[in-house]
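Me: I'm a first-year student and I'd like a close look at one part of this protein. Could you pick a spot and talk me through it slowly, then show me how it sits among its surroundings?

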Amino acid sequence: YSALLIHQKLVQQHGVTLSYSAVARYVAKFKKDECYVPLHGLPGEEAQVDFGYFGEFRRNGRAVKVWVFSMVLSYSRRAYFKVVTSQLVKDFLDCHIHAFEYFGGVPKTVKLDNLKSGVTKVDLYEPVLQEQYASFLSYYNCAGITCRPARGQDKGKVESSIKYVKNNFLKAFQGESYEDL
């Protein structure tokens, strides 16, 4: 559990009176130190996108795999999330459209992992964007930037947002069905 979720559970379920910062300080003792160079951008310059796996849920009596799509604006860290059962190109594009509508605009660039719905050829120097995705971004006057293979820290803002949703929303989620989710 994250410090935020631990604090919420202590206060709501056990009636404990203590500050969030006290819980955060205690939890920090158990975290490993990591060092990353922060990447800063200008407003409207970049968004980061990715899918995070939520697990299996029941939908109409059947088990379905569920992911959460996340788009995070790099400057403000404002985030859009959508629960999906598919990572197909059409669903990936639909998620982008909903995120652009939610934000009220389109960033200059979208940084993405090397997922199949966005990248057809993973390459450090000359990656190839999926044809429909490249066309879609071009329509919105936006460019797609792929991350280096196996380097999650290249898109740390969206990775953090997915980690936050998994550790704070999903772990606290009480339902069992996709509809509840």
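Reply: Let's start with Cys 95. In this predicted model, Cys 95 is buried, with a relative accessible area of just 1%. "Buried" here is a matter of a cut-off, since a residue gets that label when its relative accessible area is under 20%.

A cysteine invites an obvious question: which cysteine sulfur is closest to the sulfur of Cys 95? That sulfur belongs to Cys 142, and at 15 Å it is too far away for a bond. Here's the background: a disulfide is a covalent bond between the sulfur atoms of two cysteines. To count as one, the two sulfur atoms have to be within 2.5 Å, so the 15 Å from Cys 95 to Cys 142 rules that pair out. Cys 147 isn't in a disulfide either, with the sulfur of Cys 142 again the nearest cysteine sulfur, 14 Å away. Like Cys 95, which has 1%, Cys 147 is buried, in its case with a relative accessible area of 5%. Put the cysteines together and the disulfide count for the model is zero.

Now have a look at helix H3, which covers residues 89-103. Two of its residues give you a feel for how much the surroundings can vary. Asp 94 lies in H3 and is partly exposed, with a relative accessible area of 29%. Further along, Glu 101 also belongs to H3, but Glu 101 is exposed, at 58%. Why does Glu 101 get the label "exposed"? Because its 58% is over the 50% cut-off for that word. You can also use these two residues to find your way around in space. Asp 94 and Thr 120 are separated by 26 residues in the sequence, and their C-alpha atoms are 19 Å apart. From Glu 101 to Ser 135 you go 34 residues along the sequence, with 18 Å between the C-alpha atoms.

So what does H3 pack against? One partner is helix H4, residues 131-139. Two packed helices are described by the angle between their axes and the distance between the axes. For H3 and H4, the axes come within 10 Å and cross at roughly 20°. Angles under 35 degrees count as roughly parallel, and H3 and H4 therefore get that description. Their crossing is right-handed. If you want to click on the contact itself, H3 brings Val 89, Phe 92, Leu 93, His 96, Ile 97 and Phe 100, and these meet Gln 132, Tyr 133 and Phe 136 of H4. Sorted by class, the contact between H3 and H4 has seven nonpolar residues, two polar ones and no charged ones.

It's handy to set that beside another helix pair, H1 (residues 3-14) and H2 (residues 20-28), whose axes come within 9 Å and cross at roughly 130°. That angle makes H1 oblique to H2. The crossing of H1 and H2 is right-handed too. Here Ala 3, Leu 4, Ile 6, His 7 and Leu 10 come from H1, while Tyr 20, Val 23, Ala 24 and Val 27 come from H2. The class count for H1 with H2 is eight nonpolar, one polar and no charged residues.

Before zooming out, stop at two loops. Most residues other than glycine have a negative phi, and most peptide bonds are trans. Asn 60 has a positive phi, near 55°, without being a glycine. You'll find Asn 60 in the loop between strand S1 (46-59) and strand S2 (62-73), and it is exposed at 69% relative accessible area. Asn 141 isn't a glycine either, yet its phi is positive, at about 55°. Asn 141 sits in the loop between H4 and strand S7 (143-146), and it is exposed, with 70%.

Finally, the whole picture. The protein has five helices and seven strands, and its C-alpha atoms fill a box of roughly 55 × 45 × 30 Å along the principal axes. Of its 181 residues, 39% are buried, and Cys 95, where we began, is one of the buried residues. Among contacts between residues at least 6 apart in sequence, 58% join residues at least 24 apart.

How values were computed:
Residues numbered from 1 in each chain as written. Predicted model: local features only at pLDDT ≥ 70, side-chain atom pairs only at ≥ 80, totals over all residues. Heavy atoms only, no water. Helix = DSSP H or I, 4+ residues; strand = E, 2+ residues; numbered from the N terminus. Buried < 20%, exposed > 50% of the residue type's maximum accessible area, 1.4 Å probe, protein only. Axes fitted to C-alpha atoms, helices over the stretch in contact; angles between N-to-C directions. Parallel < 35°, antiparallel > 145°, perpendicular 65-115°, else oblique. Left-handed = near helix turned anticlockwise from the far one by under 90°. Contact = heavy atoms within 4.5 Å. Nonpolar A, V, L, I, M, F, W, Y, C, P; charged D, E, K, R; others polar.
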